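Please look at how the helices of this chain are arranged against one another. The account below goes through them pair by pair.

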Amino acid sequence: MNNHNGLILDSTKLHERLQKLGAAWSDADAAYKALEDVTKTILAQEFLPATGAVTEREAKARTSEAYKEHLKALAAARNAMNTARVNYDVARVYVDLERT
């Protein structure tokens, strides 16, 4: 434990907090990347059964409910990943500031 600026810091608790925030960031990053990895697959699944010229089939695939829902989930996962990263970075900066 350190006493700095009138605060008592428990390095073990700070370490555990950083670990939890880092794990949350890692989980959110993995979830986002998993969704990102299947984007083309979902587009293809919507494209293949569509009828018409290639450009028309692509337009149908990109405007399908399944593809739009996937993009919404991808955006939500990206937001969660970015939020988790910010939380981790803020905690790290706090620890760095308290050490100095």
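Helices α1 and α4 are roughly antiparallel to each other, because angles over 145 degrees count as such and this pair packs at about 160 degrees. Their axes are 8 Å apart, and α1 passes α4 in a left-handed crossing. Sorted by class, the residues of the contact of α1 with α4 comprise 18 nonpolar, three polar and five charged. The model is a predicted one, and the values given here are computed from it.

Helix α1 itself covers residues 11-37. Its 27 residues, at 1.5 Å a residue, should span 39 Å, and the C-alpha atoms at its ends are 38 Å apart, so the expected and the computed span agree. Five of its residues are listed as buried: L18, L21, G22, A28 and Y32. These buried residues pack against α4, which runs over residues 65-99. An α-helix has 3.6 residues a turn, so residues three or four places apart point the same way. In the buried set, L18 and L21 are one such pair, as are L18 and G22, and A28 and Y32.

Y32, in helix α1, can be taken as an example of this packing. Its relative accessibility is 9%, and because the cut-off for burial is under 20%, Y32 counts as buried. Apart from neighbours within four places in sequence, Y32 is in contact with L74, A77, R78 and M81. Y67 is 35 residues away from Y32 along the chain, and the C-alpha atoms of Y32 and Y67 are separated by 16 Å.

Helix α4 also packs against α2. Which way do α2 and α4 run relative to each other? They pack at an angle of about 165 degrees, with their axes 9 Å apart, and α2 and α4 are therefore roughly antiparallel to each other. This crossing, of α2 past α4, is left-handed. On the α2 side the contact is made by T39, I42, L43 and E46, and on the α4 side by A66, Y67, H70 and L74. By class, these residues are five nonpolar, two polar and one charged.

H70 belongs to helix α4 and takes part in the contact with α2. With a relative accessible area of 5%, H70 is buried. Leaving aside neighbours within four places in sequence, its contacts are L35, V38, T39 and I42. Of these, T39 and I42 are among the α2 residues that make the contact with α4. Within the sequence, A80 lies ten residues from H70, and the C-alpha atoms of H70 and A80 are separated by 15 Å.

The remaining pair is α2 with α3. Helix α2 comprises residues 39-47 and helix α3 residues 54-62; their axes come within 8 Å and cross at roughly 120 degrees. Angles of 65 to 115 degrees count as roughly perpendicular and those over 145 as roughly antiparallel, so an angle of roughly 120 degrees falls outside both ranges. Helices α2 and α3 are therefore oblique to each other. Their crossing is right-handed. The contact involves L43, E46 and F47 of α2, together with V54, R57, E58, A61 and R62 of α3. These residues divide into four nonpolar, no polar and four charged. L43 and E46 of α2 appear in this contact and also in the contact with α4.

Definitions and conventions: Residues are numbered from 1 along each chain as its sequence is written. This is a predicted model: local features need pLDDT of at least 70, side-chain atom pairs count only at pLDDT 80 or more; totals for chains, interfaces and linings use all residues. Side-chain values use heavy atoms; hydrogens and water are left out. Helices (H or I, at least four residues) and strands (E, at least two) are DSSP runs, numbered from the N terminus. The expected span of a helix is 1.5 Å times one less than its number of residues. Buried means under 20% relative accessible area, exposed over 50%, partly exposed in between (1.4 Å probe, protein chains only). Contact means heavy atoms within 4.5 Å. Axes are lines fitted to C-alpha atoms, for helices over the stretch in contact, and angles run from 0 to 180 degrees between N-to-C directions. Angles under 35 degrees count as roughly parallel, over 145 as roughly antiparallel, 65 to 115 as roughly perpendicular and the rest as oblique. A crossing is left-handed if the near helix is turned anticlockwise from the far one by less than a right angle, and right-handed if clockwise. Ala, Val, Leu, Ile, Met, Phe, Trp, Tyr, Cys and Pro count as nonpolar, Asp, Glu, Lys and Arg as charged, and the others, Gly among them, as polar.
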